Amino acid sequence: MSSCADSEGLSQRDPLPDDALAATFTERNHPALHYEYMVGDKLRMESYKKVIVEAVKPGDVVADIGTGLGVLAMMAAKLAGAKKVYAIDLNPRSLWMAKHLAKANGVADKICFIEADAQQVELSQKVDVILSEIIGSFGCEEGVAEVITRFAIRNLRKGGICIPSKVNTFLIPVEYTDSFRNGWTSDNAGLDLTLPMQIRMTEEPVRWYVRGRQKELSEPLAVEALAFDSEHIFEGKVKRPEARDLVFSVKEPGTLQGFIGYFEVELSPGTSLSNYPPYDKCHWENWHWPVTPHVEVFQGDRLRVEMSRTFVPGTTKFAKESKDKLSGWEPVYDWAIKWDCSRPPES
Ligand SMILES: C[S@@+](CC[C@H](N)C(=O)[O-])C[C@H]1O[C@@H](n2cnc3c(N)ncnc32)[C@H](O)[C@@H]1O
């Protein structure tokens, strides 16, 4: 299947013919399986549709960074009337499927598919809008800050916009409810199965669906706050902290069982998405730092948390599964935490 002139020289592999590429699909990398949970997240899809239809003007030139199956690119071309959309991804299998989907939706002639790391792409014209959804369960761990900034500096026209416009990440100390414990409850078919969650766990973060609002022991605190507007992008102000010191003030007594990491993404002013508390069919998990053994805390206690971020290239599921010529580069950031609890002296 043909691509457009802007994609020349950018592909990271020798192109395979259509049939040969389709023959590499397995039950682990098939696009219908890899992207199913994302397109099945109805609030995500409807929220993006709303802001794209509002923000993209007929005749606009748009870029969709990390296009996957091309859903955001197609919304811009089909529903908002964009003149041209550059749809970029590292994953050749997703691009293969995206091209077929664009044809099925009658917008193949408006979308230019490019197989490349978006950070290295320089288009033949500037774009009015950059779309992306490279959002990890803890906000920026998939590298959205770096990818969007590097792409935008080269390709966004001055005054152009990015969707999302803000990506913020938070941490909150909690006592877990049964909605999180799932089967590890005090009455599971007549059995007390709470013990395994009290046994010492790894210090590495665990990724798991939070399933409902937990008992929050303090207000959440921001770990990162990123804005993708002209001022931040062109003046080099999209900065990420390598470390963070947070001090939580406990607001009510409870049992500290873990810290939950989550994001709040502003797609455009007035339309946001967050994975805590979770909404119906939210496909993002949360990061959890379990506290084992659990610790009783009281109002006024101070929980001091030291967070540090490390860059671990190529460790995500996608990168691990595709260590072949068709793989792409996907960055990942790990956050580690150390914490302690102090109690103010009684007066
Ligand atoms: C979470 S998926 C989103 C797919 C699609 N935009 C959607 O909303 O359904 C993120 C996509 O970004 C791609 N991606 C990640 N980093 C990239 C980069 N540096 N350059 C191009 N694509 C990238 C991944 O291969 C993946 O297809």
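**Exercises on strand pairing, ligand shell and burial**

Five bridges pair strand β2 (residues 84-89) with β3 in the parallel sense. Strands are DSSP runs of E with at least two residues, and helices are runs of H or I with at least four, both numbered from the N terminus; two strands pair if DSSP finds at least two bridges between them. The model is predicted: local features need pLDDT of at least 70, side-chain atom pairs count only at pLDDT 80 or more, and totals for chains, interfaces and linings use all residues. Residues are numbered from 1 along each chain as its sequence is written.

**Exercise 1.** Determine the order of the five strands in the open sheet and identify its edge strands.

*Solution.*
- Step 1: Within the pair of β2 and β3, Val85 stands opposite Ile111 of β3.
- Step 2: The order of the open sheet is β3-β2-β1-β4-β5, with parallel pairing.
- Step 3: β3 (111-115) and β5 (156-163) each pair on one side only and are the edge strands.
- Step 4: From one strand to the next, the twist averages 20°.

**Exercise 2.** Characterise the shell around the ligand by its nearest residues and by class.

*Solution.*
- Step 1: A residue is near the molecule if its C-beta atom, placed from the backbone, lies within 6 Å of it.
- Step 2: The shell holds 21 residues, of which Gly66, Gly68, Asn91, Ala118 and Glu133 come nearest.
- Step 3: α5 (71-79) and β2 are the elements that give two or more residues to this shell.
- Step 4: Sorting by class gives 10 nonpolar, seven polar and four charged residues. Here Ala, Val, Leu, Ile, Met, Phe, Trp, Tyr, Cys and Pro count as nonpolar, Asp, Glu, Lys and Arg as charged, and the others, Gly among them, as polar.

**Exercise 3.** List the strands joined to β11 and assess how far β11 (residues 254-268) is covered.

*Solution.*
- Step 1: Strand β6 (residues 166-175) runs antiparallel to β11 and is joined to it by nine bridges; Lys166 has Glu266 as its bridge partner in β11.
- Step 2: Strand β13 (residues 286-297) is joined to β11 by seven bridges, also antiparallel, with Trp287 as the partner of Gly261.
- Step 3: Strand β12 (residues 271-274) is joined to β11 by four antiparallel bridges. In the hairpin of β11 and β12, two residues lie between the strands, and Gly270 takes a positive phi near 100°.
- Step 4: Of the 15 residues of β11, 11 are buried (20 or more other C-beta atoms within 10 Å of their own, all placed from the backbone).

Key:
Axes fitted to C-alpha atoms, helices over the stretch in contact; angles between N-to-C directions. Buried ≥ 20, exposed ≤ 12 C-beta atoms within 10 Å, placed from the backbone.
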